Amino acid sequence: MAKITAGVTTSHVPAIAAAIDLKKQEQPYWQPIFKGYEFSKKWMAEHKPDVVILIYNDHASAFDATIFPTFAIGCADEFLPADEGWGRRPVPKLKGHPDLACHIAQHMILNEFDMTVVNSMDVDHGLTVPMNLLFGDLGPDEEWPCRVIPFPINVVQYPPPTGKRCYDMGNALRKAIEAYPEDLKVVVFGTGGMSHQLQGTRAGLINKEWDTKFLNGLTADPKALTRIPHSEYVRETGSEGIEMVMWLAMRGALNEDVTETYRFYHVPCSNTALGHIILENK
Amino acid sequence: MADPKLSKYLDEFEDIPGTLIFNTYRSRQGFNLNQFCMSLMKEENRKAFRANEAEYLKQWNLTDAQRDAVLNRDWTGMMREGGNIYFLAKLFSTDGHSFQHVAAIMTGSTQEEYAKMMLEGGRNPKGNRSKSNPSL
Ligand SMILES: [Fe+2]
């Protein structure tokens with residue numbers, strides 16, 4: 001049986017992609033950010049998942065303005081890094097796990113979570129930055145050490161799903177994974193966040209106090225976080241802070257009782273408060 | 001006729017200062033503008049756009065306000081006309097700019113001032129939470 005062993009959340013700031021691609025990791029601005037993931041890379045190398053389910057949002061890359069799927073799952077054999085306006089990122093292509101992805105999609109739909117099945121898509125910084133941060137800065141001719149199933153949630157067009165819906169979706173995802181007969185070790189990522197606003201006169205908003213409460217709650221009392229309305233995310237953490245509902249999707253896929261293995265919080269990363277946590281199922 | 005529950009949901013965002021929420025109505029308003037931005041994900045389109053911006057824009061059926069905002073790189077104007085920041089990112093990436101570059105412009109500060117504010121911990125939420133209650 002397939003099994004979820006751990007969950008990882010991390011911000012997926014596009015400037016991190018640029019810093020990696022332009023080899024700025026040792027510059028004073030970037031050095032503390034990459035240092036914050038040194039433990040995580042070691043942990044991941046020892047943890048060795050077979051499959052990563054990577055919950056993120058598409059930033060108008062795979063989906064244009066014609067369609068905004070609320071919950072989608074990538075069922076393709078492989079996924080290329082998207083051209084977001086400056087060419088495709090020089091990272092390895094991502095190998096999917098179509099059999100597991102198709103199983104999850106069907107299981108979830110029959111369990112009343114109506115997934116959008118995506119048979120061909122490019123993946124943007126929302127997916128490739130977390131891969132870099134946890135698996136290292138691999139070049140296009142190398143290979144990621146595991147399979148990846150992209151799991152985009154709409155947070156671009158309002159309303160996005162509620163935090164509670166995301167958490168419940170995580171529950172349904174877990175049931176689907178546990179019903180898969182092959183023995184597979186699965187790690188679920190929930191990415192985006194934390195405080196950030198990229199637009200308007202309020203751009204640059206950072207709310208460390210609120211972010212810290214959210215990090216604490218994510219480990220200890222995620223159900224309380226599912227009651228936070230969208231307006232609170234936007235008011236307190238900025239218009240793009242809403243991405244944190246995707247962390248609740250990850251959390252819903254874990255046990256209620258988890259061990260917080262690692263936490264990292266850093267301001268600033270471009271316009272963003274960068275947050276990262278590793279939770280292991282007890 | 002507006003549904004009161006939905007109106008309340010949408011109105012709560014309108015009370016947040018300096019913030020435009022890209023809801024389904026704005027998505028309708030900005031559809032052509034956002035689709036133009038998406039076209040810049042292809043190098044051949046970026047080339048054609050750079051060669052003659054006004055000519056390239058003709059095929060996208062933009063409103064006059066949308067077209068002028070694009071040509072003037074008026075980011076706030078593009079947002080007001082239904083643009084969404086992740087779509088507009090294709091345009092500023094084509095120009096070789098970052099999210100931080102454009103964020104600084106939208107706040108009316110210089111790149112240096114904005115970068116300094118971020119290094120000092122970012123914009124404080126105090127006083128930036130509510131139009132109706134600026135003391136929050
Ligand atoms: Fe994002």
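Four exercises on this predicted model follow, each with a worked solution.

**Exercise 1. The iron site**

Identify the residues that coordinate the iron ion, and state which parts of chain A the pair His12(A) and Glu243(A) ties together.

*Solution.*
- Start with the donors. They are His12(A) through NE2, His59(A) through NE2 and Glu243(A) through OE. The distances run from 1.9 to 2.1 Å.
- Write the spacing in sequence: H-x46-H-x183-E.
- Place two of the donors. His12(A) sits in the loop between β1 (3–10) and α1 of chain A. Glu243(A) sits in the loop between α9 (230–237) and α10 (245–252) of chain A. The pair therefore ties together parts 231 residues apart in sequence.
- Check burial, for which the cut-off is under 20% relative accessible area. His12(A) has 3% and is buried. Glu243(A) has 2% and is buried.

**Exercise 2. Asp114(A)**

Decide whether Asp114(A) is buried or exposed, and list its contacts beyond four places in sequence.

*Solution.*
- Locate the residue. Asp114(A) lies in the loop between α4 (98–110) and β6 (116–118) of chain A.
- Apply the cut-off: exposed means over 50%. Asp114(A) has 59% relative accessibility, so it counts as exposed.
- Set aside neighbours within four places in sequence. Asp114(A) is then in contact with Phe71(A) and Ile109(A).

**Exercise 3. Helix α9 of chain B**

Explain why helix α9 (residues 99–107) of chain B is largely enclosed by the rest of the structure.

*Solution.*
- Count the buried residues. Eight of the nine are buried, so the helix is largely enclosed. Among them are Phe99(B), His101(B), Val102(B) and Met106(B).
- Find the packing partners. From chain A comes α1 (14–21). From chain B come α7 (75–80), α8 (85–94) and α10 (111–119).
- Look past the helix end. Gly108(B) follows α9(B), with a positive phi near 80 degrees.

**Exercise 4. The two domains of chain B**

Describe the interface between domain 1 and domain 2 of chain B.

*Solution.*
- Take the bounds from the domain assignment: domain 1 is 25–94 and domain 2 is 97–125. Their centres, over C-alpha atoms, are 23 Å apart.
- Count contacts. Eight residues of domain 1 touch six residues of domain 2.
- Give the area. About 630 Å² is buried, with 80% from carbon and sulfur atoms. On the domain 1 side, Trp75(B), Ile85(B) and Phe92(B) lose the most, together 72% of what that side buries.
- Tally the polar terms. There are zero salt bridges. One residue pair is in polar contact.
- Assign the domain 1 side to helices. α7 and α8 of chain B each supply at least two residues. The largest share, five residues, comes from α8(B).

Technical notes:
Residues numbered from 1 in each chain as written. Chains lettered and ligands numbered in written order. Predicted model: local features only at pLDDT ≥ 70, side-chain atom pairs only at ≥ 80, totals over all residues. Heavy atoms only, no water. Buried < 20%, exposed > 50% of the residue type's maximum accessible area, 1.4 Å probe, protein only. Helix = DSSP H or I, 4+ residues; strand = E, 2+ residues; numbered from the N terminus. Contact = heavy atoms within 4.5 Å. Donors = N, O, S within 2.8 Å, 3.2 Å for Na, K, Ca; no water. Domains from an automatic or database assignment. Buried area = accessible area lost by both parts, 1.4 Å probe. Salt bridge = Lys/Arg side-chain N within 4 Å of Asp/Glu carboxyl O. Polar contact = N/O pair within 3.5 Å; in protein donor to acceptor, adjacent residues only side chain to side chain.
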